[in-house]
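Hi,

Here is the structure I promised to pass along. Have a look at it first, and my notes follow underneath.

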Amino acid sequence: MPTALALSPHLDDAAFSCGGTLAALSDTGWRVVIATMFTASVPDPGGFALACQLDKGLGPEVDYMALRRAEDARAAAILGAEALWLPFPEAPHRGYHSAPALFAPPLAADRVEEALAPAFRELFDGLAPDLILAPQAVGGHVDHVAAVRALRRVDPPAPVLWWRDYPYVARAATPPEPFGEAFAALDEIVVPLGPDALTRRCRASLAYASQIGFQFGGAESAASAFARSGAAETFRSASGRAVLGGLVTAREAQRA
């Protein structure tokens, strides 16, 4: 059984951005693992970190990341995937003290990518993936940027499909793309999604109930947003097309 490993910065990114592809891979006999990087619970958060849960209607007594990990487990089950959680804290716990700071250049003192790289190597050694999926960091969120930088530090043992980060890719006509030039040099791969994969992507995304109101304004608006995002997911890759086999479009297969 081949293994696909999705490296998700946050507890929702993989489902939002490539959940349909993950569901389709699972349906065609792949083992699908979603490893999320920034999932650590931090006791007694304060300042901006606390504000990030208060603005989602969650009081200070709530273990915000434990709640989100439970959402992730439900979402992964819908996609036919396994959930793994890496023990790194999100950016608000690493010195980023405002929303604008999350989308500014990474702090010089933030060395999390140096810790992510060996964690990725450990995942690769344990899972021996045949395919890796990872974000392009469209939007420029510092956690997504760290994910790209860390993966570029290592020698991935399998082709990497770099996904377009949703919903950031839909929030502006030309969203920030810190690595845009590098990814533009790679092949574009389009994975069409059938009705079941589309439905499961939406269901899995809605499982992140703590995020849906903040990100989309509610479940109905979120479902509409995912419907508008189209019946395909687009990636960049140097060598991933052949691994996907029949999941790519006829146009993509002709280019192989």
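**What I found**

Helix 1 is mostly covered, with 14 of its 15 residues buried. Please keep in mind as you read on that this is a predicted model. Helix 1 takes in residues 13–27, and at 1.5 Å a residue those 15 residues should span 21 Å; the C-alpha atoms at its ends are 20 Å apart, which agrees. There is still a kink of about 80 degrees in helix 1, and Gly 19 is at its centre. Just after helix 1 comes Gly 29, with a positive phi of about 100 degrees.

**The loop before helix 1**

His 10 sits in the loop that runs between strand 1 (3–8) and helix 1. Is His 10 buried or exposed? Its relative accessibility is 7%, and buried means under 20%, so His 10 counts as buried. The side chain of His 10 makes a polar contact with the side chain of Asp 143, at 2.7 Å. Beyond its neighbours within four places in sequence, His 10 is in contact with Thr 36, Phe 38, Glu 90, His 141, Asp 143 and His 144.

**Pocket and cavity**

You may want to start with the open space. The largest pocket has a volume of about 600 Å³. Its lining is made up of 37 residues, and those nearest its centre are Cys 52, Lys 56, Tyr 64, Glu 90 and Gln 211. The elements that give two or more residues to this lining are helix 1, helix 2, helix 3, helix 4 (99–102), helix 6 and helix 9. Which element gives the most to the lining of the largest pocket? That is helix 2, with four residues. Glu 90 appears twice in these notes, as one of the residues nearest the centre of the largest pocket and as a contact of His 10.

As for enclosed space, the count comes to one cavity of 30 Å³ or more. The largest cavity holds about 60 Å³ of space. Its lining consists of Arg 94, Tyr 96, Pro 106, Asp 110, Val 112, Glu 113, Val 142, Val 145, Ala 146 and Arg 149. Helix 5 (112–127) and helix 6 (142–153) are the elements that give two or more residues to that lining. The largest share, four residues, comes from helix 6.

**Helix 8**

Helix 8 covers residues 195–206, twelve in number, and reaches 17 Å from its first C-alpha to its last, close to the 16 Å expected at 1.5 Å a residue. Which residues of helix 8 are buried? They are Ala 197, Arg 200, Arg 201, Cys 202, Ala 204 and Ser 205. What covers these buried residues includes helix 1, helix 3 (64–79), helix 9 (209–216), helix 10 (219–228) and strand 7 (232–237).

**Around helix 2**

The loop between strand 2 (31–36) and helix 2 contains Pro 45 as well as Asp 44. Pro 45 is in contact with Leu 50, Gln 53 and His 93, leaving aside its neighbours within four places in sequence. Pro 45 and Ala 209 are 164 residues apart in sequence, and their C-alpha atoms are 21 Å apart in space. Asp 44 has a relative accessibility of 76%, so it counts as exposed.

On the other side of helix 2 (47–54), Pro 60 lies in the loop that leads to helix 3. Pro 60 is exposed too, with a relative accessible area of 54%. Not counting residues up to four places away in sequence, Pro 60 touches Leu 50, Gln 53 and Leu 54. The C-alpha atoms of Pro 60 and Leu 50 are separated by 6.8 Å, with the two residues ten apart along the chain.

**Backbone points to check**

Most residues other than glycine have a negative phi, and most peptide bonds are trans. Asp 44 is not a glycine, yet has a positive phi of about 50 degrees. Ala 128, also not a glycine, has a positive phi of about 45 degrees; Ala 128 lies in the loop between helix 5 and strand 4 (131–135). A cis peptide bond joins Tyr 166 and Pro 167, with omega about 10 degrees. Pro 167 is in the loop between strand 5 (160–163) and helix 7 (180–184).

Happy to talk any of this through.

Best wishes

How values were computed:
Residues numbered from 1 in each chain as written. Predicted model: local features only at pLDDT ≥ 70, side-chain atom pairs only at ≥ 80, totals over all residues. Heavy atoms only, no water. Expected span 1.5 Å × (residues − 1). Bend = angle between axes of the 7 residues up to and from the residue. Buried < 20%, exposed > 50% of the residue type's maximum accessible area, 1.4 Å probe, protein only. Polar contact = N/O pair within 3.5 Å; in protein donor to acceptor, adjacent residues only side chain to side chain. Contact = heavy atoms within 4.5 Å. 1 Å grid on protein atoms, 1.4 Å probe; cavity = no way out; pocket = protein on both sides within 12 Å on 5 of 7 lines; lining within 4 Å. Points joined across faces, edges and corners; volume = space filled by probe spheres on them.
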